[in-house]
Amino acid sequence: MFEPALLVLHSPAKPAAGAADPVEPVFTQHDTAAPVANALDLGITRGDGIFETITVINGMPQALDAHLKRFARSARMLELPEPDAAAWKHTLLAAIDSRELVPEAFVKLLYSRGVEGSGQPTGWVWLAESGDFTKARTEGIRVVLLDRGYASTVEQTSPWLLQGAKTLSYAVNRAALREAERRGADDVIFVSSDGYLLEGPTSTVVLKLDDRFVTPRTTLGILPGTTQESIFEIARVNGFETAYEVLTPADLRRADAAWLVSSVRNAAPVNAVDGAPRAIDAELTEAINAGLASRTV
Ligand code: PLP
């Protein structure tokens with residue numbers, strides 16, 4: 001049985017220029033069952049922090065640099081101290097090294113504003129074995145379109161709403177998934193109040209329109225997806241065009257194929273939208289997921 005790993009960083013923020021070299025060791029490893037967090041940590045009391053989830057295939061973290069880049073971007077959006085990328089990388093690799101190799105695991109990087117009043121951020125890394133997503137990857141998922149309630153200009157008009165940052169405040173995302181379940185579906189595609197496709201609560205939308213792979217533009221207040229970026233690279237190598245566009249539910253309905261893509265689950269083909277069945281491309285999906293599983297960076 002794969003035992004999850006939990007490592008707490010001693011200095012998760014990048015040291016100021018000219019500061020003394022960080023003291024080793026970089027982290028402390030804990031028993032996942034042990035009480036580690038402080039009850040007054042702002043990550044717990046306010047969800048004030050950020051995270052990343054990275055797939056680990058046979059011990060190899062996938063799209064690591066893209067995840068670390070997005071981690072730094074989220075930190076900037078929340079005005080958190082810049083994460084020390086080298087310390088996070090060192091810690092997550094140590095977490096992976098501390099356990100046996102399994103075909104699919106994931107590692108989470110969690111970074112909060114820290115204990116109230118301390119002025120010191122908290123950072124920890126959690127590694128666990130992934131679940132089995134064969135059914136979602138092969139048979140597909142039913143999605144419902146849900147209004148997110150924000151216009152597609154939200155990132156420009158209201159940056160304080162932190163749309164497009166991967167924050168620890170995922171209660172809304174979980175509520176949307178419960179609403180999908182109530183409606184007999186498996187997942188959600190959020191739509192802006194002015195009618196544009198956005199993203200899933202934990203995934204990016206990718207459509208195949210003729211010979212083009214398209215995804216909603218990241219300026220719409222959505223997370224830039226690392227899995228989507230890898231899929232676009234795979235698509236381009238295979239002769240397809242790729243594009244970031246403003247897309248509507250009509251585009252989703254007319255697409256040759258549609259997927260919700262994310263780390264861990266990878267590409268899950270959409271087989272129904274709001275109860276209306278839609279075709280999946282099983283062969284292409286298999287090729288995409290094989291391409292994702294064989295990434296070496
Ligand atoms: N959009 C949201 C809101 C997410 O939470 C996620 C991942 O959790 C994604 C998109 C997909 O990102 P990635 O492919 O990097 O996992």
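Begin the tour of this predicted model by selecting Trp-88, Leu-92, Leu-109, Tyr-111, Val-125 and Leu-127, which have the most contacts inside the largest nonpolar core, a group of 30 residues. Next, colour the elements β1 (5-9), β3 (49-57), α2 (64-77), α3 (85-97), β5 (104-112) and β6 (122-129), since each of them supplies at least two residues of this core. Of these, α3 gives the most, with six residues. In soluble globular proteins, nonpolar side chains tend to be buried together.

Now centre the view on Val-125 and show what surrounds this residue. Leaving aside neighbours within four places in sequence, Val-125 is in contact with Ala-5, Leu-6, Leu-7, Leu-9, Trp-88, Thr-91, Leu-92, Ala-95, Val-107, Lys-108 and Leu-109. Apart from the core just visited lies another one, of 20 residues, and you can find it by selecting Leu-145, Leu-207, Leu-252 and Val-270, which are among its members.

Return to Leu-127, which is also one of the residues lining the largest cavity, together with Phe-2, Val-56, Gly-59, Ile-96, Arg-99, Glu-100, Leu-101, Val-102 and Ala-105. This cavity holds about 50 Å³ of space, and its lining is made up of seven nonpolar, one polar and two charged residues.

For the last stop, select Leu-6, Val-8, Val-36, Ala-37 and Trp-124, which are the closest to the centre of the second largest pocket among the 13 residues that line it. About 260 Å³ of space lies in this pocket. Both β1 and β6 give two or more residues to its lining, and the largest share, three residues, comes from β6. By class, the lining of this pocket has nine nonpolar, three polar and one charged residues.

Technical notes:
Residues numbered from 1 in each chain as written. Predicted model: local features only at pLDDT ≥ 70, side-chain atom pairs only at ≥ 80, totals over all residues. Heavy atoms only, no water. 1 Å grid on protein atoms, 1.4 Å probe; cavity = no way out; pocket = protein on both sides within 12 Å on 5 of 7 lines; lining within 4 Å. Points joined across faces, edges and corners; volume = space filled by probe spheres on them. Nonpolar A, V, L, I, M, F, W, Y, C, P; charged D, E, K, R; others polar. Core = buried A, V, L, I, M, F, W, Y, C linked by side-chain atoms within 4.5 Å. Buried < 20%, exposed > 50% of the residue type's maximum accessible area, 1.4 Å probe, protein only. Helix = DSSP H or I, 4+ residues; strand = E, 2+ residues; numbered from the N terminus. Contact = heavy atoms within 4.5 Å.
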